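Please open the structure in your viewer and keep the selection tool at hand. The tour moves from the whole chain to single residues and names what to select at each stop.

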Amino acid sequence: MIVEQYLDHLAYTFEKEDEMFMLGMKIVNKLGNDLIPMVKVSYNGSDRLLYGLDDLKPVHEIVDKLNDSELAFAFSNFIKLIKSVEDNDYLKAYGVDINYNRLFYDIKNKKIKAVILPINYECNLHDGLSWSKSFRRSILILLNKIFINSKEKYSEAYYYIMDEEKSDSEIIKYASSLEFGVRMVDSSDVFYEKKHEENGLILEHRSAIDNIVFVVSKSGFVLGKGKDADGTFNVSSNVSRRHCEIAIQNGTYMVKDLDSTNGTTINGFTLNPNQYYYIKNGDKLKLADVEFVVTIRQ
């Protein structure tokens, strides 16, 4: 298959040995909004698929501008997409063009997107790499960026992914099971009602300067050094007046940075301002240079 990249689209032209899977066309088009839109045309007597790149940026051009939590979110959703293709009765993961230079980032939805070809076999994209090697290379590049502050975690992932005795299905399963210690709240997430005790979340900071304990009993609980914050503390000048906010929805706890001067992290991952992230028992929530340990009463 001949691949050509233009400013606003990608073109995949079928060669003699290539075969379009017509049922696959219908299935691919039903996979949802995580896909790059596709149209089929005829070109010099051959089938050709065009994939529009409007509002998408090449991952390799933008990856260094994304923080680790944003990239972890995008990676997790991308692996879910690959797994959904692999688990489909009619498609195979081989249909996902996994070449790192042809992965794209949707800035609005914060997701990595790839071309999905309506085929159920491994075709030759003339990249000089098998699908398996290209897949492993691409996800390791992304994981290296995510684990930039945790070389031990990257090393563990590297040796597992590069193990030639592991099948592609095993690698996909492994990648989909990775826990990054931070998860962004997605607009599509559903919060099921569940019982939870009042005063269920405790934030505790202990240091040589001071010990602080906050019991979060309401949604919209603001932390900071300002007098108008719900949880006011003044052990560091690096903390903003209104630094971050804790929200509760059906027993699920979330936090967002309120565009603070020195930022907020969960387990070392930097949070995007004004974006909610899940917090769970045992997490380390750091406001500038002041760290709290999260305890959620069951």
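Begin with the whole protein in a cartoon view, where 6 helices and 18 strands can be followed along the chain; bear in mind throughout that this is a predicted model. Taken along the principal axes, the box filled by the C-alpha atoms is roughly 75 × 35 × 35 Å. Of the 298 residues in the protein, 48% are buried. If you switch on a surface, about 15800 Å² is exposed, and carbon and sulfur atoms supply 45% of that area. Among contacts between residues at least 6 apart in sequence, 59% join residues at least 24 apart.

**The largest nonpolar core**

Select Phe-75, Leu-117 and Leu-143 next, since this is a good place to go inside: of the 90 residues in the largest nonpolar core, these three touch the most other members. Colouring helix H3, residues 68-86, then shows where the largest share of this core comes from, namely 10 residues.

Stay with Leu-117 and display what surrounds it. Which residues is Leu-117 in contact with, leaving aside its neighbours within four places in sequence? They are Met-1, Tyr-12, Val-28, Leu-49, Tyr-51, Gly-95, Cys-123 and Leu-125.

**One side of helix H6**

Now select helix H6, residues 168-177, and pick out its buried residues, which are Asp-168, Ile-171, Ile-172, Tyr-174 and Ala-175. These buried residues lie on the same side of H6, because they cover an arc of only 165° around the axis. In an α-helix there are 3.6 residues a turn, so residues three or four places apart point the same way. To see what covers the buried residues of H6, add H3, helix H4 (131-146) and H5, which are included in that cover.

**A patch on the surface**

From there, select helix H5, residues 151-161, and find Tyr-159 within it. Is Tyr-159 buried or exposed? With a relative accessibility of 61%, Tyr-159 counts as exposed, because the cut-off for exposed is over 50%. Add Tyr-158 and Met-162 to the selection, and you have a nonpolar patch on the surface in which the three residues together have about 330 Å² of accessible area.

**Two residues with positive phi**

The next stop is in the loop between strand E4 (46-52) and strand E5 (56-58), where Asp-55 is placed. Although Asp-55 is not a glycine, it has a positive phi of about 65°, and at 70% relative accessibility Asp-55 counts as exposed.

Then move to the loop between strand E7 (111-113) and H4, where His-126 lies. His-126 is not a glycine either, yet it has a positive phi of about 60°. The relative accessibility of His-126 is 47%, and it therefore counts as partly exposed.

**Inside strand E8**

For the last stop, select strand E8, residues 201-206, and centre the view on Leu-203. With 0% relative accessibility, Leu-203 counts as buried. Draw a distance from the C-alpha atom of Leu-203 to that of Val-294: the two residues are 91 residues apart along the chain, and these atoms are separated by 5.0 Å. Leaving aside neighbours within four places in sequence, Leu-203 is in contact with Ile-212, Val-213, Phe-214, Val-216, Leu-223, Leu-285, Phe-292, Val-293 and Val-294.

Note on methods
Residues are numbered from 1 along each chain as its sequence is written. This is a predicted model: local features need pLDDT of at least 70, side-chain atom pairs count only at pLDDT 80 or more; totals for chains, interfaces and linings use all residues. Side-chain values use heavy atoms; hydrogens and water are left out. Patches are made of residues with over 30% relative accessible area and no salt bridge: like charges are joined within 9 Å, nonpolar side chains (Val, Leu, Ile, Met, Phe, Trp, Tyr) within 5 Å. Accessible areas come from the Shrake-Rupley method with a 1.4 Å probe; for residues, only the protein chains shown count as cover. A salt bridge is a side-chain nitrogen of Lys or Arg within 4 Å of a carboxyl oxygen of Asp or Glu. Helices (H or I, at least four residues) and strands (E, at least two) are DSSP runs, numbered from the N terminus. Buried means under 20% relative accessible area, exposed over 50%, partly exposed in between (1.4 Å probe, protein chains only). A nonpolar core is a set of buried Ala, Val, Leu, Ile, Met, Phe, Trp, Tyr and Cys residues joined through side-chain atoms within 4.5 Å. Contact means heavy atoms within 4.5 Å. The arc is that of the directions from the helix axis to the C-beta atoms.
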